Amino acid sequence: MAITAYPNRTRKRAGREFSVDSCPLCHLIGHTFGNPAGELRGNDYQLYSYSSGRIKSGGWAAIDTVMLSLQDKTRFHERDFSTEMRFLVPQVRADKPIRIIPPLVSTPLLREWVARCREGHDKFCGLAADAMAPLSEMSSFRTIGCRTGKLPYATLSYVWGGEPAPLYAAALDIPQLPPTIQDTIALTLALGIGHLWIDRYCIDQQSDAEKAEQLPKIDLIYNLSEVTIINADGEGTKLGLAGMMGQPRRTRQPQTRIGTRLLASTPRHPSFDIRTSIWWSRGWTYQEGLLARRRLVFTQGQAYYERGGMYCCEALNFDLDALHTLDGRRFKAQYKLTDRLALFKPAGLGGSAWDVTRRIQEYSERALREEDVLDGIRGVLGAMEKGRWRLRHLWGVPVLLRGPRPTGIRSKEIDEYREAYDSITWTPTVGLCAGLCWRSDSRLEKRAGFPSWSWTGWKLSAQRRVVELEAALEASAGAGQWAVPVGWLLEESEWRLFQGSQSLKVHVEVEQGRLDLDDTEFQRHYERVGGRLPVVLDMSAWVTPIPIISWKGLRGVTAEVEGAEGGHRLKWEFYGTTTTRHLAEVLTYATIELGRDVGNSSTPSVYVLVVVEVGEGVYERAGIGKWDRMTLWDPLKPNTIVIDGKEIPCLLKFGLGPPAVAKVWKEFQLR
C-alpha cells in the first residue's frame, strides 16, 4: 500500500474536501509515524505487514500476531529491523500485547521483573554465600538506610551534571534531598530492597582515603547490588526519575478502533533512547552499566530491564513464562539477547582475555573528564583482575595473557600453526608488549601526570577539542569531557600467535628497589598497589634509530630504516601518536621491537613501538607500527617481489617480508 504524504494533510477529491483526520486509520498512521502534528515528511511511504515471528529481537517472536509499520521506501529494506521502528499492533488478546504507557510507572510491574530474576535466576545471577565478604572488609563502605536492617542494597547510576558534590553527612535529611535521589529511595523501597548506595552520598568526596578504598572495588559494589537503577533521562538530580511522582512522562502512543479491532502503537524500543542519552555517552556510567548484575533503566519513553539475556519493556506485555525455559531459570535460546541487540553485553566482561581490549576501546569512545580517565575504568580492569583471567594492567595498559590455540584453520596448515603456537614463550613482559600495541586515529597531545606509553597519557589536541566542544554543546552533552577512541594495531588472530621480544627487559623502580616485571616479587608488589605504578619504565632492548622524512598527519609518518650489515636505507610508514611536529632534525627517533606474528612464515609482521628521545637516556612514545610488506619497502626495488629466488614484477611497492634492519643495544627510561 503506497501512501503519499501531503504537508497540508487535506486535498480535493470528487468535488469535496478530504481530510486525513476524517479516516481513523490515516489519523493513527499520521500520529504514530509522523511528527507530533501528525505530518509525514517525505513523498513515498510503504505500509508493511509483518508476522511477529519474523522479528527476532525484543521478544516479538514469543507471540503470534500481525503488525503494521510505515517506512520511507527510498531508505528502507523490508528485511531491516531497527530500534527506531514503531508498529501498529491489534489488541485482540485478553492480555493485550501492548501496554499503553501511563504518566506514572507501575512500580508493581517493575517489582515483578526484578523479583522474577532474583527468585528464579539464582544459577545465573545469584550470589555465593560469602560474596558480600569483601564489602564488610571496607571500613568506609556504607549505604543509605531506606529502612532498618542491613543488606541487600540497590545502586544508582546517573550523570552528575554540573551540580556541586554534596557535603558528606552521616545522616541524610531525605525530604531535603534532590528529586532524583528521593525518587530512587522510594523506588528502592517499592522493589522490596532496604538499602541504597549512591557514590556521591556514600563516598565522602573530600576524603582521599575513602575514594582510594572504594574506587578500586567499584566493580564489587555494582556487581553485588540487587539491582542498579539507571537514570538515562537527562543529567543531574533536579528532575527526578521519569515516570515517578516528581516527573510524569509524556509518551506519545496513539491508538484507535478500526471496526471491531483496537489498534495500538508501540513507542520506539527503549534501547534507542538509551543509546542516544547523555548517560550512554559518559565514561563513568560505562562501567556502572557493564558491571551491574541487573539493570532497571528509566527513559522518558518507558522503563526497561535487562539482565544477561533477559529483558523486559514496559510497553510490551509479553508472557514471561512463555519466554523462559521450563525450569524458569533463563530465557529460551531463541529469545535471548545477543551481543548485537543487547545494551549490555550478555557475556559481561567477555569470554577471553583479549576482550579487555574491546572494553577499553568501548570505554575510550565515551566522554571523560581528564582526571577521571583511569579511575573511570578501574572497576572493569579490577573485575578482570579478580575474575578467571587474573589480568593485570599498568596505567590502563593490559598485561595480556597468552591467547588460546588458533581455531578455524585449514587441515593442511594445522601442524604448522600448532608448531608455531607451541614455540611461543609467554611472560608478563610479553603480555605488556601486546598491550602496548594500542593506537588512536585522533589528534592527540600529552596529558600531564600520566605515562606516554599508556593510552591514558594522551588527550585530544586543542584543535580537536574545539570541534568536539561545538558538537557537545550542540548535543547538550556538556563541556570539558572528551572521548579519545583507541584500538589495537594487533588483532585477535595475531595475538594468539604473538611472540614477544625475548631480549626486551622491563623494570619498575619502587620503594623496595628495582623490580623485574617477570619476577614474583613484582607480582606481590602489584597485589598491594594495583596498576597505578610509577610512570617511568626502565627498559633494556635492541633499538633501531630512524630519521623522520615527513610527518603528514597520523598515518602519514615516513621514516628511513637502515638495513642490517651496512645495507642501504629502507622506507617505512607508521602511525604517529600525535600530529605535533617534533624537530625531527634535532630529536632522535628509534623503534623498539615488541614482538612478531609467528603464524605466517611467508609474510611475517614485526610490531614496533616508536619512541623519541626527550632527555639524555629518556624517551617518550611517538607512534606504533608494523614492519611488514605493507609498510616497509626498498625504494631501489619498488615494483618487484621475490618468489622462490626470482624477482617477479608486481604492482605493489613492497616485498614478501621485512628485511633485516640495523640494531643497537640500549638501556633507557620510557616515561
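Threonine 429 counts as buried, since its relative accessibility is 2% (buried means under 20% relative accessible area, exposed over 50% and partly exposed in between, with a 1.4 Å probe and protein chains only). The model is a predicted one, in which local features need pLDDT of at least 70 and side-chain atom pairs count only at pLDDT 80 or more, while totals for chains, interfaces and linings use all residues. Residues are numbered from 1 along each chain as its sequence is written, and side-chain values use heavy atoms, with hydrogens and water left out.

Threonine 429 sits in helix 16 (residues 428–435); helices (H or I, at least four residues) and strands (E, at least two) are DSSP runs numbered from the N terminus. Beyond its neighbours within four places in sequence, threonine 429 is in contact with Leu504, Val506, Leu517 and Asp518, where contact means heavy atoms within 4.5 Å. One of these partners, leucine 517, is 88 residues away along the chain, yet the two C-alpha atoms are separated by 6.2 Å.

At the level of the whole protein chain, 19 helices and 35 strands are found. The chain has 671 residues, of which 52% count as buried. Among contacts between residues at least 6 apart in sequence, 71% join residues at least 24 apart. About 30900 Å² of the chain is exposed, and 51% of that area comes from carbon and sulfur atoms (Shrake-Rupley method with a 1.4 Å probe; for residues, only the protein chains shown count as cover).

A second buried residue is arginine 294, again with 2% relative accessibility. Arginine 294 is placed in the loop that runs between helix 11 (283–291) and strand 13 (295–298). A polar atom of the arginine 294 side chain lies 2.8 Å from the backbone oxygen of glutamate 226. Apart from neighbours within four places in sequence, the contacts of arginine 294 include Cys117, Arg118 and Cys125, together with Glu226, Val227 and Thr228. Tyr305, Glu306 and Arg307 are also among them.

Turning to helix packing, the axes of helix 2 (residues 107–120) and helix 5 (residues 179–190) come within 9 Å and cross at roughly 60°. Axes here are lines fitted to C-alpha atoms, for helices over the stretch in contact, with angles running from 0 to 180 degrees between N-to-C directions. Helix 2 and helix 5 are therefore oblique to each other (under 35 degrees counts as roughly parallel, over 145 as roughly antiparallel, 65 to 115 as roughly perpendicular and the rest as oblique). Thr107, Leu110 and Arg111 of helix 2 meet Leu187, Leu189 and Ala190 of helix 5.

Methods: Polar contact = N/O pair within 3.5 Å; in protein donor to acceptor, adjacent residues only side chain to side chain.
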